[in-house]
Amino acid sequence: MKEYSKPEKFDRDIVVIGAGAGGLVSSLIGATLNAKVSLIERHKMGGDCLNTGCVPSKALIRSAKWLQHTKRAQEFGFESADVKFDFADIMERAQRIIRTIEPADSVERYTELGVDCIIGEAKITSPYTVEVNGKSLTTRNIIIAAGARPFVPPIPRIDDMDYLTSDNVWELRKLPKRLVVLGGGPIGCELTQAFARLGSQVTQVEMMPEIMGREDPEVSEFITKRFESEGIDVLTEHTAKSFIIENGQKLIVCEHNGQEVKIAFDELLVAVGRAARVDNYGLDDLEITLTKRHTIEVNDFLQTNYPNIYAVGDVAGPYQFTHTAAHMAWYAAVNSLFGGFKKFRVDYSVIPWATYTDPEVARVGLNEQDAKEKGIAYEVTKYEIKDLDRAITDEEAQGFVKVLTVPGKDKILGVTIMGEHAGDLIAEYVLAMKQNIGLNKILGTIHIYPTLAEANKYAAGEWKKAHAPQWALKLLKRYFAWRRR
Ligand SMILES: Cc1cc2nc3c(=O)[nH]c(=O)nc-3n(C[C@H](O)[C@H](O)[C@H](O)COP(=O)(O)OP(=O)(O)OC[C@H]3O[C@@H](n4cnc5c(N)ncnc54)[C@H](O)[C@@H]3O)c2cc1C
């Protein structure tokens, strides 16, 4: 590592690079604590989540789901419900939603909150200086929150396909007739289903044996079947080998069980993962250490190999979610300002997430797949949502709440929920795990009837039934029989 001389005094306490979730929250915490903070963003305030990620995708999913409901009209007692729409209006709606949320992440709001917002490209020139718009800012600490970008695999001729990614798919105003989605992870699955519901003929290509492979097999199986029932062609164990143009048609060439499979398409959406943004802003010159996965390496306090340079969010990982970026931001901001007195280790013990397919899939902590991989002993309790009154009334009676516990103990190791609003339902278990609340306490808590949230309580009830002391129940049986005499 090079030696840099420390300035005698500093203009700022923190310079934050990137105004996505990680950068916004870091700077907000700093400014709230009356530190002098500059936040530098080169593109759009709000980062990927607001502009090209969570927000437009959830808006699109909502429109697609609404349309899907009209296709299920008879299930709800209607003869039919024909809907006319222009795809361009659906995409414009997503932009309107972005504009509605935008003021919360704006320069105006953050300036009012005490953050010095600078629009420009930041470059770290030393551990104590950041250059932007031709000016050099001196700072005690730097927080890198530069995010990630869609990873595009180097498949021959992919560059000739004029492909879409999550960065530019939002600019589409004409519905693709035949769409190939490359990738079976959460982003690929969410967009596959949304485009198929809006009328594209979608082929999803995944090289692994299943889509949503991070979740337990019954989740992947259910979602695959659901996709197929909605007309999606799910091609697993298909490895994209090249792209070609034949008779003016774009084709993806895959290898499947030693055979060549060609699929024609009009548009290609690449969704095979996200690569941390680590280039062209000074990391190389400073020799900031990267991990094998090309993210910035940080320690438990979120420090890089320079103790006053921190990294949060997608650029550091290991998780790539808005809420984990915000979670990390607290540690980086507080550690950078008060690390001289006390430093806090980032706590990844209870990390939840959701995939917004229909049905949704939400998780916190371990699933069976993880537990087996890590050799952690567990017990499984499952409640099937098909039996839940509210899910039945809503025609959404499918899915489950699956809880992993320490064998013989009321300690939750992890929960997977698949079903309507699973992303909201999991919150109760996130709180339970974070606060060390067991299933007995969830069972002893009144849940409103009829709600989807009752599923959480019924899952706790299943656990209780399986753990009721058999000797006591036998004794009670004899006692009541004696009383009836
Ligand atoms: C389609 C899609 C759907 C998603 N859905 C969800 C979801 O439902 N829930 C969820 O939790 N997560 C979701 N995510 C992930 C989520 O968007 C990211 O995890 C989150 O945006 C990460 O925040 P961040 O602050 O680390 O980075 P970003 O939001 O990427 O922000 C980084 C910012 O840094 C700026 N920047 C980079 N380099 C510089 C520089 N040198 N100078 C100045 N500025 C710079 C960039 O312009 C960018 O604005 C989704 C992502 C995608 C693509």
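## Basis

Helices (H or I, at least four residues) and strands (E, at least two) are DSSP runs, numbered from the N terminus. This is a predicted model; local features need pLDDT of at least 70, side-chain atom pairs count only at pLDDT 80 or more, and totals for chains, interfaces and linings use all residues. Residues are numbered from 1 along each chain as its sequence is written, and side-chain values use heavy atoms, with hydrogens and water left out.

## Backbone features in loops

P450 lies in the loop between α14 (439-443) and α15 (454-467). The peptide bond that leads into P450 from Y449 is cis, with omega near -15°. A cis bond also links G317 to P318, with omega near 5°. P318 sits in the loop between β16 (309-311) and α9.

E237 belongs to the loop between β10 and β11 (239-246). Its phi is near 50°, a positive value in a residue other than glycine.

## The antiparallel sheet

Strands of a sheet pair through backbone hydrogen bonds, either parallel or antiparallel. Here two strands count as paired if DSSP finds at least two bridges between them. Five strands make an open, antiparallel sheet in the order β17-β18-β21-β20-β19. β17 (352-355) and β19 (379-384) are its edge strands, and each pairs on one side only. From one strand to the next, the twist averages 10°.

At one edge, four bridges join β17 to β18 in the antiparallel sense. The two strands form a hairpin with four residues between them. P352 has V364 in β18 as its bridge partner. At the other edge, β19 runs antiparallel to β20 (residues 400-405), and six bridges join them. Y383 stands opposite V401 in β20.

Helix α13 (residues 427-434) lies across β17, β18 (360-365), β20 and β21 (412-419). Contact means heavy atoms within 4.5 Å. The helix runs at about 175° to β21. Axes are lines fitted to C-alpha atoms, for helices over the stretch in contact, and angles run from 0 to 180 degrees between N-to-C directions.

## The parallel sheet

A four-strand open sheet has parallel pairing and the order β10-β9-β8-β14. β10 (233-235) and β14 (267-270) stand at the edges with a single partner strand each, so one side of each is left without a neighbour in the sheet. The twist averages 15° from one strand to the next.

β8 (residues 178-182) pairs with β14 over four bridges, in the parallel sense. In this pairing V180 stands opposite L268 of β14. Helix α6 lies across β8, β9 (201-205) and β14. It runs at about 165° to β9.

## Helices α1 and α9

The axes of α1 (residues 21-32) and α9 (residues 322-338) come within 8 Å and cross at roughly 35°. The crossing is right-handed. That term applies if the near helix is turned clockwise from the far one by less than a right angle, and left-handed if anticlockwise.

From α1, the contact takes in A21, G22, V25, S26, I29 and G30. They meet T322, A325, A326, A329, W330, A333, V334 and L337 in α9. The contact residues divide into 10 nonpolar, four polar and no charged. Ala, Val, Leu, Ile, Met, Phe, Trp, Tyr, Cys and Pro count as nonpolar, Asp, Glu, Lys and Arg as charged, and the others, Gly among them, as polar.

## The second largest pocket

Rolling a probe the size of a water molecule over the atoms shows where empty space is left. On a 1 Å grid over the protein atoms alone, where a 1.4 Å probe fits, a pocket is an open set of points with protein on both sides within 12 Å along at least five of seven lines; lining residues have an atom within 4 Å of a point. Grid points are joined across faces, edges and corners, and a volume is the space filled by probe spheres set on the points.

The second largest pocket holds about 310 Å³ of space. Its lining has 16 residues, and K58, I61, R62, K65 and E360 lie nearest the centre. The elements that give two or more residues are α3 (54-71) and α6 (186-198). α3 gives the most, with six residues. By class, the lining has eight charged, four polar and four nonpolar residues.
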